Amino acid sequence: MADSKIYSASTTAPVNIAVIKYWGKRDPKLNLPTNSSLSVTLSQADLRTHTTATCSAFFPAQDSLLLNGQLQDVSGARTQACFRELRSLRAKLEEQDPQFPKLSRYPLRIVSENNFPTAAGLASSAAGFAALVRAIADLYQLKESPVELSRIARQGSGSACRSLFGGYVAWEMGQEASGTDSTAVQVAPAEHWPEMQALILVVSAAKKGVSSTAGMQATVATSSLFPARVASVPQRMEDMITAIKEQNFESFGRLTMKDSNSFHATCLDTEPPIFYLNDVSRAAIRVVEDINKKAGKIVAAYTFDAGPNAVIYFEEKSTDAVAGVFKERLGHLEGWTGKGESIRASATEGVDEK
Ligand code: DP6
């Protein structure tokens, strides 16, 4: 008898902000990075992607993905890689147990909503692909661990592999040409460092000029500083993991700022040069420098992704010295008062595992 049911699973996945950046692919097809990276998963309830995956034998033959109400093209290699891998894991379960409905053969319907404040202008691919992979894995009742699922999410978008976990997450670049060992792992849960806070300064909500994918490819191809950056990351990763384990904010902050600056230096060294930071971003760097000078130690650390928005990490006990000063000092700047807004977030648990 034909299966008339509609199967469904829902999940949410959070945004993560890297403190050691992923920038560069050694294999663009498999989305394998040139260096390991490390991020903090942010807790803010408004910084998540909500995704529902459904499938039914009666759906129209094509898979579909609706993101914020807009139909997306799912024919791209990245989405296809995720669908293919998840289907093949489901097909194995169906082979093992003939009672299992043949969901791997049914068309998929994915509905996703980014819960980000519309003005945030934050990268959404990380939470997006993490939620997509988790939702389909739940729909298919896969038993794979988050580490194994991170290998799949990585193929959707590199940074997405880190959003499958909460807290402090490393994406280990791996050695294998096939990418089987290029996965994310949790370094420490969020509650390991309850003092950790992030302040997101929304400098511009505009879509970034050069996408991460295009930007990093250009950097790898043309920057002579890039090999030096790649060579310096393994030691920085090691030091960062130690800083997190020891809750050593001075070291965490120094390494975070060093890595952000090193990444943006390679962007500037790209031909043609890529500028992600603007005057407001640079003013934010100066404010952090002043805060740290006044404190006589590092109590605040900035980091910037492929855009001008600043993420400032600090400890709860330094709230007045950090968040207070930012309001006071940057309040008058255009791009901050007019369009900008700040969002407070703290480290969090990863995707809902139901
Ligand atoms: C600067 O993960 O968006 O945010 O793998 O091509 O989808 P693709 O790139 P993506 O790049 C993120 C770059 C970054 C640094 C980071 O998150 O590590």
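Two strands count as paired here if DSSP finds at least two bridges between them. Keep that in mind as you click through this predicted model.

**Stop 1: the mixed sheet.** Select residues 64–67, which are strand E7, and residues 108–114, which are strand E9. These two run parallel and are joined by four bridges. For one pair to label, pick Leu66: across from this residue, in E9, stands Val111. Now widen the selection to the whole sheet. Five strands make it up, in the order E1-E6-E9-E7-E8; the sheet is open and its pairing is mixed. At its edges you'll find E1 (7–14) and E8 (70–71), each of which pairs on one side only.

**Stop 2: the antiparallel sheet.** Next, bring up the open sheet of four strands, ordered E2-E5-E10-E11, where the pairing is antiparallel. E2 and E11 (184–188) are the edge strands, with pairing on one side only for each. Ignoring direction, neighbouring strands in this sheet are turned by 35 degrees against each other on average.

Walk across it strand by strand. Start with E2 (residues 16–20), which pairs with E5 in the antiparallel sense over four bridges. Select Ile20 there, and its bridge partner in E5 is Leu38. Move on to E10 (residues 168–171), which is antiparallel to E5 and joined to that strand by four bridges. Here Val40 has Tyr168 as its bridge partner in E10. The last step goes from E10 to E11, again antiparallel with four bridges; look for Ala170 opposite Val185 in E11.

**Stop 3: strand E5 up close.** Is E5, residues 37–41, mostly covered or mostly open? Mostly covered: five of its five residues are buried. Colour the two faces separately to see how this works out. Ser37, Ser39 and Thr41 lie on one side, Leu38 and Val40 on the other, and both sides are covered.

**Stop 4: a helix pair.** Show H2 (residues 125–139) together with H3 (residues 146–156). How do their axes cross? They come within 9 Å and cross at roughly 135 degrees. The two helices are therefore oblique to each other, and the crossing of H2 and H3 is right-handed.

**Stop 5: around the ligand.** Finish by selecting the ligand and the 15 residues around it. Which of them come nearest? Ala18, Tyr22, Ser157, Gly158 and Ser159 do. Colour the shell by residue class and you get five nonpolar, eight polar and two charged residues.

Conventions
Residues numbered from 1 in each chain as written. Predicted model: local features only at pLDDT ≥ 70, side-chain atom pairs only at ≥ 80, totals over all residues. Near = placed C-beta within 6 Å. Nonpolar A, V, L, I, M, F, W, Y, C, P; charged D, E, K, R; others polar. Buried ≥ 20, exposed ≤ 12 C-beta atoms within 10 Å, placed from the backbone. Axes fitted to C-alpha atoms, helices over the stretch in contact; angles between N-to-C directions. Parallel < 35°, antiparallel > 145°, perpendicular 65-115°, else oblique. Left-handed = near helix turned anticlockwise from the far one by under 90°.
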